[in-house]
Amino acid sequence: MKTLQPFFLLVFVSLVKSAPPLQQESLKFYEYDTDTALGSSIEQDYEMKIKDIKKDGWDVSPNSTLRLQGDDSERNVQPTKDTNLPTCLLCVCLSGSVYCEEIDIEAVPPLPKETAYLYARFNKIKRIAVSDFADITTLRRIDFSGNQIEEIEDGAFSKLLLLEELSLAENRLVKLPVLPPKLTTFNANQNRIKSRGIKANAFKRLTNLAYLYLGHNALESVPLNLPESLRILHLQYNNITTINDDTFCKSNNTRYIRTSMDEIRMEGNPILLAKHVNAFSCLRTLPVGSYY
């Protein structure tokens with residue numbers, strides 16, 4: 001037994017020496033600080049893109065899919081015109097102003113109290129009733145241009161003692177209503193108004209009236225009793241064939257000068273103004289129209 005021990009020791013040593021060297025495993029080292037910074041950068045970039053997308057009006061809510069291309073069919077949907085909605089849902093109400101433009105309403109909508117400015121242009125309104133403004137005495141400006149108004153009840157504007165500007169242009173009126181006393185601007189261009197549709201004293205008491213627009217109607221003569229405050233008068237493209245010495249001036253007072261009147265337009269009428277020179281003797285400038 002003693003002789004075998006050196007033999008086994010020799011064999012073991014030889015086996016150890018002949019074994020192949022240990023292969024060192026190649027380890028991958030991750031730079032965690034770098035990965036964290038990179039992840040943070042990606043997240044920040046994503047958030048910035050989301051903000052840009054939101055700015056452009058895209059839907060980025062958690063329950064929706066992010067759209068990379070706009071859906072034109074959704075973005076171009078027009079709001080429905082439900083005329084049964086309350087006024088401030090159907091129209092736009094803002095700081096005493098009501099905007100009801102191009103929504104196809106056929107009557108004046110109920111207005112909030114203390115409404116000062118009403119814009120109801122380009123609709124299908126055909127009639128104005130006394131009840132439309134019975135409780136709204138704070139109105140200062142009304143614009144009904146571009147409707148289909150044929151009738152205005154007597155007294156429809158009688159309670160509007162603060163009204164300064166009224167536009168009824170581009171309608172179907174054949175006569176004028178009684179106008180409120182503090183008007184400074186009245187526009188009835190492009191209607192069907194004839195001279196018999198304007199009462200003799202329609203403008204006499206409007207001592208603040210400065211701008212009167214009656215062009216493109218069917219007037220046969222210049223309205224009577226125009227107030228001294230009048231600065232601009234438009235009567236172009238009517239059927240005016242005559243004018244007298246008292247239309248603008250005072251035939252019994254040769255020294256009278258109408259100092260406020262700056263402009264009178266009468267072109268497009270069949271009248272020859274050169275035949276009525278005395279009618280303009282009190283004016284600082286001659287009316288625009290045909291003299292030859």
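Colleague: Why is Cys100 called buried in this structure?

Modeller: In this predicted model, the relative accessible area of Cys100 comes to 0%, and a residue counts as buried when that value is under 20%, so Cys100 meets the condition. Its partner Cys91 has a relative accessibility of 6%, which is also under 20%, and therefore Cys91 counts as buried as well.

Colleague: How do you know that a disulfide joins Cys91 to Cys100?

Modeller: The distance from sulfur to sulfur is 2.0 Å, and a pair of cysteine sulfur atoms within 2.5 Å is taken as a disulfide, so this pair qualifies. In general terms, such a link is a covalent bond between the sulfur atoms of two cysteines. The angle about the S-S bond of Cys91 and Cys100 is 110 degrees, and the link is right-handed.

Colleague: What makes Cys88 and Cys93 a disulfide too, and are these two cysteines buried, exposed or partly exposed?

Modeller: Their sulfur atoms lie 2.0 Å apart, which is within the limit of 2.5 Å, so Cys88 and Cys93 form a disulfide. Cys88 has a relative accessibility of 40% and Cys93 has 29%; buried would need a value under 20% and exposed one over 50%, so both residues fall in between and count as partly exposed. With -95 degrees about its S-S bond, the link of Cys88 and Cys93 is left-handed.

Colleague: How do you know that the count of disulfides comes to three?

Modeller: Beside the two pairs already discussed, Cys249 and Cys282 have sulfur atoms 2.0 Å apart, which is again within 2.5 Å, so the rule accepts this pair and the count comes to three. The link of Cys249 and Cys282 is left-handed, with -85 degrees about the S-S bond. This pair ties together distant parts of the chain, 33 residues apart: Cys249 sits in the loop between strand E10 (232–234) and strand E11 (263–265), whereas Cys282 belongs to the segment after E11. Cys249 has 7% relative accessibility and Cys282 has 2%, and since each value is under 20%, both count as buried. When the bonded cysteines are numbered in sequence order, the pairing reads 1-3, 2-4, 5-6.

Colleague: What makes a residue such as Phe144 stand out in the largest nonpolar core?

Modeller: That core has 58 residues, and Phe144 is one of the five that touch the most other members, together with Phe133, Phe186, Phe203 and Phe248. Membership requires a residue to be buried and to be joined to others through side-chain atoms within 4.5 Å. Leaving out residues up to four places away in sequence, the contacts of Phe144 include Val108, Leu118, Ile125, Phe133, Ile149 and Leu168. As a general rule, nonpolar side chains in soluble globular proteins tend to be buried together. In the chain as a whole, which has 292 residues, 35% count as buried.

Colleague: Which residues line the largest cavity, and how many of them are nonpolar, polar or charged?

Modeller: The lining is made by Val130, Phe133, Ala134, Gly155, Ala156, Ser158, Lys159 and Leu160, and it divides into five nonpolar, two polar and one charged. Lys159 is the charged one, because Lys belongs with Asp, Glu and Arg in that class. The space in this cavity is about 30 Å³, and a search of the whole structure finds one cavity of 30 Å³ or more.

Colleague: Why is the space lined by residues such as Leu176 and Arg205 called a pocket?

Modeller: A cavity is a place from which the probe cannot get out, whereas a pocket is an open set of points, so the name says that this space is open. The largest pocket has a volume of about 250 Å³, and its lining divides into seven nonpolar, two polar and two charged residues.

Colleague: What makes the phi of Asn225 worth noting, and how do you know whether Asn225 is buried or partly exposed?

Modeller: Phi of Asn225 is near 55 degrees, a positive value in a residue other than glycine. Asn225 is found in the loop between strand E9 (211–213) and E10, and its 34% relative accessibility lies between 20% and 50%, so it counts as partly exposed. Tyr237, in the loop between E10 and E11, also has a positive phi, of about 55 degrees, without being a glycine; at 44% relative accessibility, Tyr237 is therefore partly exposed by the limits of 20% and 50%.

Notes:
Residues numbered from 1 in each chain as written. Predicted model: local features only at pLDDT ≥ 70, side-chain atom pairs only at ≥ 80, totals over all residues. Heavy atoms only, no water. Buried < 20%, exposed > 50% of the residue type's maximum accessible area, 1.4 Å probe, protein only. Helix = DSSP H or I, 4+ residues; strand = E, 2+ residues; numbered from the N terminus. Contact = heavy atoms within 4.5 Å. 1 Å grid on protein atoms, 1.4 Å probe; cavity = no way out; pocket = protein on both sides within 12 Å on 5 of 7 lines; lining within 4 Å. Points joined across faces, edges and corners; volume = space filled by probe spheres on them.
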